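Q: I'm new to reading structures and would like a close look at one part of this one. Could you walk me through it step by step?

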Amino acid sequence: MRARSTAIAASLTQLKGLSTEIEANAHAFRANLERVTRSEALASMRTLLSSIR
């Protein structure tokens, strides 16, 4: 029973670490997405695509 509790505690610790990593990645993704949506290159690409249609 003690080994099972230790295994569960280790799994929870690992999940907490993964959760922290996912949050950091999501934050970085949002920051990059904001940078891209504000870029002039994206605006130029939209204009180009609109003119092609």
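A: Let's begin with the surface. In this predicted model, a nonpolar patch is formed there by I8, L12, L15, L18 and I22, which together have about 500 Å² of accessible area. Take I8 as an example: I8 sits in helix α1, which covers residues 2-38. I8 counts as partly exposed because its relative accessibility is 45%, and a residue needs over 30% relative accessible area to join a patch.

Now follow helix α1 along to E34 and R38. Their side chains meet in a salt bridge, with 3.3 Å from N to O. The count of salt bridges in the model comes to one. Why can such a pair form? Side chains of opposite charge can pair when their charged atoms come close. The spacing fits too: E34 and R38 are four residues apart in helix α1, so about one helical turn separates them. An α-helix has 3.6 residues a turn, so residues three or four places apart point the same way. The two partners differ in cover, because E34 is partly exposed at 40% relative accessibility, while R38 is exposed at 66%.

Finally, have a look at helix α2, residues 40-52. Helix α2 has 13 residues and reaches 18 Å from its first C-alpha to its last, close to the 18 Å expected at 1.5 Å a residue. Helix α2 is hardly covered, and the count of buried residues among its 13 is zero. Here, buried means under 20% relative accessible area.

Definitions and conventions:
Residues are numbered from 1 along each chain as its sequence is written. This is a predicted model: local features need pLDDT of at least 70, side-chain atom pairs count only at pLDDT 80 or more; totals for chains, interfaces and linings use all residues. Side-chain values use heavy atoms; hydrogens and water are left out. Patches are made of residues with over 30% relative accessible area and no salt bridge: like charges are joined within 9 Å, nonpolar side chains (Val, Leu, Ile, Met, Phe, Trp, Tyr) within 5 Å. Accessible areas come from the Shrake-Rupley method with a 1.4 Å probe; for residues, only the protein chains shown count as cover. A salt bridge is a side-chain nitrogen of Lys or Arg within 4 Å of a carboxyl oxygen of Asp or Glu. Helices (H or I, at least four residues) and strands (E, at least two) are DSSP runs, numbered from the N terminus. Buried means under 20% relative accessible area, exposed over 50%, partly exposed in between (1.4 Å probe, protein chains only). The expected span of a helix is 1.5 Å times one less than its number of residues.
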